[in-house]
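Could you walk me through this model, one question at a time?

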Amino acid sequence: MVLRIAIQKSGRLNEDSMKLLKECGIDIANGVNKLRTEASNFPIEVYFLRDDDIPQYVEDEVADIGFVGENVVYEKNKKVEVVEQLGFGKCRLSIAVSRNEVYNDVSYLHGKRIATTYPVIVRKFMEEQGVDAEIHEISGSVEIAPGIGLAHAICDLVSSGSTLFMNGLKEVETVLKSQAVLIKSSHLNEEKQRLLDKLLFRIKAVKRSKNNKYILLNAPNDKLSEIIGLLPGMKSPTVLPLAESGWSSVHSVLKESDFWEIIEKLKEAGAQGILVVPIEKMII
Ligand SMILES: Nc1ncnc2c1ncn2[C@@H]1O[C@H](COP(=O)(O)OP(=O)(O)OP(=O)(O)O)[C@@H](O)[C@H]1O
Ligand SMILES: O=P(O)(O)OC[C@H]1O[C@H](OP(=O)(O)OP(=O)(O)O)[C@H](O)[C@@H]1O
Ligand SMILES: [Mg+2]
């Protein structure tokens with residue numbers, strides 16, 4: 001029995017999807033133009049597909065699981081379950097209009113034509129907002145539409161905003177925030193679910209390691225309790241005596257998001273020689 005996973009063949013999600021599987025200790029030969037391959041050390045078979053097709057393959061049980069953007073999951077609206085956010089492919093689906101337009105709120109879009117590759121999501125958003133707009137579906141190069149008179153507005157993916165900027169557009173509404181997710185079929189048998197649980201255990205360990213840093217520092221013993229109070233740690237910080245009397249080495253794990261603030265406080269409290277080290281895997 002193998003778990004069949006669908007990932008993007010080429011494009012924005014391909015590299016990070018392959019990287020995540022590798023970080024999970026799964027060795028996959030990435031043969032050029034090979035659309036189907038097996039891992040040598042985990043019962044998994046990988047299908048390389050167009051990202052738009054992945055929800056359909058999973059609904060049809062041709063693949064058991066897939067890595068795909070939330071934007072595609074919501075647009076395709078297939079019967080699949082979203083199991084885990086993967087932390088890459090972060091972007092947003094936004095409405096943009098020409099930079100010269102005066103835009104105050106969504107009522108601007110009333111009676112206007114919006115070009116997009118996401119007609120389902122945009123239609124739902126317009127309904128929720130009570131705006132009656134015409135949705136014009138196109139399959140790519142969406143940002144060109146206002147400049148050539150095809151539409152008044154567009155709805156497309158944005159991350160840095162440089163594509164919008166280069167095309168004389170400004171972002172005016174965020175419709176959806178998106179990142180890559182793991183989706184699964186609703187009909188996995190027990191054995192496949194067990195394989196998925198094994199993969200998920202590894203994915204969570206990899207994700208956690210990316211969100212945390214290992215920190216080592218030297219502390220004068222009279223400041224130890226104050227410094228320990230600043231450090232969360234997995235259970236509690238490790239404290240070891242230094243060769244020089246009156247000093248200790250303190251080891252702990254810090255969340256990336258809290259990192260700079262805590263470092264500043266540690267310095268103020270008398271910590272010295274602070275080292276910060278990436279964590280490769282983190283199992284709790
Ligand atoms: N600029 C971006 N920054 C981050 N993530 C993005 C960006 N653009 C798209 N994504 C995410 O990556 C996914 C794949 O984007 P990509 O542009 O490679 O798709 P595509 O051209 O439709 O590819 P395919 O050939 O597989 O159909 C998107 O659905 C989205 O979730
Ligand atoms: O805000 P930015 O950082 O400029 O990114 C946004 C662009 O990225 C995506 O396209 P991509 O470059 O993947 O090309 P594609 O349209 O051929 O898929 C998306 O469709 C936007 O055009
Ligand atoms: Mg696509």
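What follows is a run of questions and answers on domains, sheets, ligand shells and one helix.

User: Before we start, what kind of model is this, and how are residues, chains and ligands labelled?

Analyst: This is a predicted model, where local features need pLDDT of at least 70 and side-chain atom pairs count only at pLDDT 80 or more, while totals for chains, interfaces and linings use all residues. Residues are numbered from 1 along each chain as its sequence is written, and chains are lettered from A and ligands numbered from 1 in the order in which they are written.

User: OK, which domains does the assignment give, and how far apart are the C-alpha centres of domain 1 and domain 2?

Analyst: The bounds come from an automatic or database domain assignment. That assignment gives domain 1 (3-87 + 180-188), domain 2 (91-178) and domain 3 (212-278). Between the C-alpha centres of domain 1 and domain 2, the separation is 28 Å.

User: Which element gives the largest share of the side of domain 1 that touches domain 2?

Analyst: Contact here means that the C-beta atoms of two residues, placed from the backbone, lie within 7 Å. On that basis, 6 residues of domain 1 are in contact with 7 residues of domain 2. The domain 1 side has 1 nonpolar, 3 polar and 2 charged residues, where Ala, Val, Leu, Ile, Met, Phe, Trp, Tyr, Cys and Pro count as nonpolar, Asp, Glu, Lys and Arg as charged, and the others, Gly among them, as polar. Its largest share, 4 residues, comes from helix 3 (residues 70-76).

User: Let's do the sheets. What is the strand order in the open sheet of 6 strands?

Analyst: Strands here are DSSP E runs of at least two residues, helices are H or I runs of at least four, and both are numbered from the N terminus; two strands pair if DSSP finds at least two bridges between them. The edges are strand 2 (36-38) and strand 5 (81-85), each pairing on one side only. Inside the sheet, strand 1 (residues 3-8) and strand 4 (residues 65-69) run parallel, joined by 2 bridges, with Gly66 as the bridge partner of Ala6. The pairing is mixed and the order is 2-3-1-4-11-5.

User: Helix 1 and helix 6 both pack on that sheet, so what angle does each make with strand 1?

Analyst: Axes are lines fitted to C-alpha atoms, for helices over the stretch in contact, and angles run from 0 to 180 degrees between N-to-C directions. Helix 1 (residues 14-23) touches strand 1, strand 4 and strand 11 (180-184), and its direction makes about 145° with that of strand 1. Helix 6 (residues 190-211) touches strand 1, strand 4, strand 5 and strand 11, and for this helix the angle with strand 1 is about 50°.

User: And in the 5-strand sheet, what is the order?

Analyst: Strand 9 pairs with strand 6 (residues 91-98) through 6 bridges, antiparallel, and with strand 7 (residues 113-116) through 3 bridges, parallel. Ser94 stands opposite Asp156, and Thr116 has Cys155 as its bridge partner. This sheet is open with mixed pairing, and its order is 8-7-9-6-10.

User: Which element gives the largest share of the shell around ligand 2?

Analyst: The shell takes residues whose C-beta atom, placed from the backbone, lies within 6 Å of the molecule. Around ligand 2 that includes Arg12, Glu143, Asp156 and Ser160, and the class split is 2 nonpolar, 6 polar and 3 charged. Strand 9 (153-158) and helix 5 (162-166) each give two or more residues. The largest share, 3 residues, comes from strand 9.

User: What about ligand 1: which domains each give at least three residues to its shell?

Analyst: Ligand 1 is surrounded by 16 residues, and the closest are Gly11, Arg12, Gly69, Cys91 and Ser159. By class there are 4 nonpolar, 7 polar and 5 charged residues. At least three residues come from each of domain 1 and domain 2.

User: Last one: why does Ile262 in helix 8 count as buried, exposed or partly exposed?

Analyst: Buried means 20 or more other C-beta atoms within 10 Å of a residue's own, exposed means 12 or fewer, and partly exposed is in between, with C-beta atoms placed from the backbone. Helix 8 (residues 259-268) is hardly covered, with 1 buried residue among its 10. Ile262 touches Leu230 and Leu254, leaving aside residues up to four places away in sequence. Because Ile262 has 16 C-beta neighbours inside 10 Å, its class is partly exposed.
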